Amino acid sequence: MQPENIMTLQIGLVGIDGIVMASDCLMTDTDDLWANGVSQSMGSKFRCRDHVCCASGDNFSLIVADDISAYKRQDNDYDAGLMLRQIALRAWERVSMGEWDGEKKWDGMSRTVLVGCTSSQKSSLWQVHLLPSPIVSECHDRVVSGAVKNNARHFINTFAPVGPAPINLPIDRLLLPAAYTIFTAGLEQPSEIAGLEIIVIPHGRPYYRLPNGKNKELQSLAERVHRSFSKRLTSTFDYIG
């Protein structure tokens, strides 16, 4: 497969009025690893046209995200799950035919694409596991993918309200939990996860990419929450009296 490793932490949250999708922005290029080491830069892992996609894994994931985002649906009644699986299968076929380097086999790397499907009625969130036989599943309340060993997913799985799907909160109350999870993931794996980008998909409306200033504001707020929590967690406790 492609040499660029873009392991990330991706978050998708489905609230009562739409979807929040969040990702870090750190790109790690391991091409010519032995000659030049590793180079890093900041860039978007989102691909947004007719669908909103966010990729983790390597360049193959980004290519599939490009293909999915460019798919033009004919109406709102199309089978999103079938469409996503067919696009992923065609991508693997192109690998096996030599269009990209690699073979049609799973090499153990975790590759996923989160997909936000916009609609004139109600948006939906999907996860595509890019195995040679792709696994596609609809996410009804929350999903965390990428960085499979990072413990930050514990926060979103534990502290975002648990109950019947969707999460019983509006978009504007899901932004900080998403930002905080990305922030704490970066504390655990700073060489692999950094930065923040968020896109929201209100039901029945076009997607909206938060401007850089709003992303930075959320990062600062997440950092303040973390400092406050750390201070409280290490506060003095009278274990004698």
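Which residues make the nonpolar surface patch of about 480 Å²? In this predicted model, the patch is formed by Phe237, Tyr239 and Ile240. Tyr239 sits in the segment that follows α6, the element spanning 212-233. The relative accessible area of Tyr239 is 69%, so this residue counts as exposed.

From the surface, the view can turn to the pocket. The largest pocket holds about 380 Å³ of space. Its lining comprises 15 residues, and those closest to the pocket centre are Phe155, Phe159, Tyr180, Thr184 and Phe229. Three elements, namely α4 (153-159), α5 (175-188) and α6, each supply two or more residues to this lining. The greatest contribution comes from α5, which provides six residues. Readers who wish to look into the pocket on screen may thus begin with α5, the element that gives the most to the lining, and then add α4 and α6.

The charged side chains come next. Eight salt bridges are counted in the model. Three of the residues involved, Arg47, Arg49 and Asp66, are linked in a network of salt bridges. Within this network, Arg47 and Asp66 meet through their side chains at an N to O distance of 3.5 Å. This contact joins distant parts of the chain, with Arg47 in strand β6 (residues 46-48) and Asp66 in helix α2 (residues 59-69), 19 residues apart. Arg47 has a relative accessible area of 22%, so it is classed as partly exposed. Asp66 is likewise partly exposed, because its relative accessible area is 29%.

The other contact described for Asp66 is with Arg49, where the side chains meet in a salt bridge of 3.8 Å, N to O. Here too distant parts of the chain are linked: Asp66 belongs to helix α2, whereas Arg49 lies in the loop between β6 and β7 (51-56), and the separation is 17 residues. Arg49 has a relative accessibility of 48% and therefore counts as partly exposed. The network thus brings a residue of strand β6 and a residue of helix α2 into one salt bridge, and a residue of the loop between β6 and β7 into another with that helix.

A further salt bridge pairs Arg209 with Glu197, and the closest N and O atoms of this pair are 2.4 Å apart. Arg209 is found in strand β13 (residues 208-209) and Glu197 in strand β12 (residues 197-202), so the pair, twelve residues apart, again links distant parts of the chain. How do the two partners stand with respect to the surface, buried or exposed or in between? Arg209 is partly exposed, because its relative accessible area is 34%. Glu197, at 8%, is buried.

Finally, the cysteines deserve a short look. A disulfide is a covalent bond between the sulfur atoms of two cysteines. The structure contains zero disulfides. For Cys48, the nearest cysteine sulfur is that of Cys53, 7.4 Å away, and Cys48 takes part in no disulfide; the cut-off for such a bond is 2.5 Å between the sulfur atoms, so this separation lies outside it. Cys48 counts as buried because its relative accessibility is 17%. Cys139 is also buried, with a relative accessibility of 9%.

Methods: Residues are numbered from 1 along each chain as its sequence is written. This is a predicted model: local features need pLDDT of at least 70, side-chain atom pairs count only at pLDDT 80 or more; totals for chains, interfaces and linings use all residues. Side-chain values use heavy atoms; hydrogens and water are left out. Buried means under 20% relative accessible area, exposed over 50%, partly exposed in between (1.4 Å probe, protein chains only). Patches are made of residues with over 30% relative accessible area and no salt bridge: like charges are joined within 9 Å, nonpolar side chains (Val, Leu, Ile, Met, Phe, Trp, Tyr) within 5 Å. Accessible areas come from the Shrake-Rupley method with a 1.4 Å probe; for residues, only the protein chains shown count as cover. A salt bridge is a side-chain nitrogen of Lys or Arg within 4 Å of a carboxyl oxygen of Asp or Glu. Helices (H or I, at least four residues) and strands (E, at least two) are DSSP runs, numbered from the N terminus. On a 1 Å grid over the protein atoms alone, a cavity is a set of points where a 1.4 Å probe fits but cannot get out, and a pocket is an open set with protein on both sides within 12 Å along at least five of seven lines; lining residues have an atom within 4 Å of a point. Grid points are joined across faces, edges and corners, and a volume is the space filled by probe spheres set on the points.
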